[in-house]
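Trainee: Before we look at the ligand and the core, could you show me how to read contacts in a model like this one?

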Amino acid sequence: MARNQGMTGFVQTEPAPAKINLALHVVGQRPDGYHLLDMLVTFTRFGDRVGIAPAEADRFTLSGRFAPQLQDGPASGNLALKARDLLRVALLRQGTAAPPVHLHLEKNLPVASGIGGGSADAAATLRVLLRHWRAALPAAELADLALQLGADVPMCLLARPLVAAGIGERLTVLEDLPSFPIVLVNPLVGVSTPDIFRRLSTKENPPLAASAAIGAAAWLSAMRSMRNDLEEPARVICPVIDAVRTELDRSGAQLVRMSGSGATCFGLYGTTEAARRAAQALETARPDWFVVATESYDGGDPHGAA
Ligand code: C5P
């Protein structure tokens, strides 16, 4: 797996927006051990990026701040490559050609950080390859394939505000969730999702109350009554999460919460300027942390058309 300079020369590129769990309620457990969740999810303009170019043989390259973490592991373990391989098998089965590609991943999101980096990469790979190969799969088959890659991949495939139930496969798109200025903070400590779920003491908490909120203020007030049930076990395994939350609380955020199984926490702000100032102050105070000011992803391409 080679390291390369960036996205120039790729015929198609696709954003892989970070996933934010605005709320995550654990509501039960399946016989196979997977936890049943109710989640309120949005995506951010900040994320990874996947590029594609035709090639003689399959290739995979990486760039970006967090590429070195992935370079250390086996390329075969990368979820983007698993997505490519599963999609190719499904397309060949229906008689659609899926020729070799050079797949490039710009890794801007910290690894194992609760904001769906690997899942976002897999979902973006599916979207960009379907476009590149001018191919399609029946919607239910594509959703199944995404779920095989990971519980968060189906929602990352949609990359729109939504409520997710089950283990993340029952999705309801929310048309009226407002866009928020967001600051993401990660203390650069990786957290293992299975470890957090194993430490969960209560496996049946109250579900997410159905919200009919309209407007940012009503949504904020609805979200304040929600939780992330994985925060408690995550703070035991990774106590620095408390410090991250405290810094975000002090930075003028209207709502502070951990995303997914951590350790990334986020703050929501009233204005883009407030988020930008908070991120600047946090970066100065904690240069050893990952800090980024962003906003909700609106379905457009933050880097312009490919
Ligand atoms: O699906 P994904 O690979 O992200 O899940 C990683 C692990 O987290 C699972 O193997 C499982 O132990 C745990 N998990 C869970 N319930 C979920 C999602 C993940 O227990 N809904």
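Mentor: Two residues are in contact if their C-beta atoms, placed from the backbone, lie within 7 Å. Please keep in mind that this is a predicted model.

Trainee: Which residues does Val-183 touch, not counting residues up to four places away in sequence?

Mentor: With those sequence neighbours set aside, Val-183 touches Leu-248, Ala-253, Phe-266, Gly-267, Tyr-269, Ala-275, Ala-278, Ala-279, Leu-282, Val-291 and Ala-293.

Trainee: How should I place Val-183 in the largest nonpolar core, and where does this core lie?

Mentor: In soluble globular proteins, nonpolar side chains tend to be buried together. Here the largest nonpolar core has 77 residues, and Ala-123 and Val-183 are those with the most contacts inside it. Because domain 1 (2-173) and domain 2 (181-295) both give residues to this core, it lies between them.

Trainee: Which residues are around the ligand?

Mentor: The ligand is surrounded by Tyr-34, His-35, Leu-37, Gly-150, Ala-151, Asp-152, Ile-167, Thr-193, Pro-194 and Phe-197. Strand S3 (35-54) and helix H6 (193-198) are the elements that give two or more residues to this shell, and H6 gives the most, with three residues. By character, the shell divides into six nonpolar, three polar and one charged residue, while at least three residues are drawn from each of domain 1 (2-173) and domain 2 (181-295).

Trainee: What does UniProt place at residues 222-283?

Mentor: An unreviewed UniProt entry gives the feature "domain: GHMP kinase C-terminal" there; in the model, residues 222-283 are 53% helix and 13% strand, with the end C-alpha atoms 30 Å apart.

Terms used
Residues numbered from 1 in each chain as written. Predicted model: local features only at pLDDT ≥ 70, side-chain atom pairs only at ≥ 80, totals over all residues. Near = placed C-beta within 6 Å. Helix = DSSP H or I, 4+ residues; strand = E, 2+ residues; numbered from the N terminus. Nonpolar A, V, L, I, M, F, W, Y, C, P; charged D, E, K, R; others polar. Domains from an automatic or database assignment. Core = buried A, V, L, I, M, F, W, Y, C linked by C-beta atoms within 7 Å. Buried ≥ 20, exposed ≤ 12 C-beta atoms within 10 Å, placed from the backbone. UniProt positions renumbered as here; feature names shortened; annotations may be inferred.
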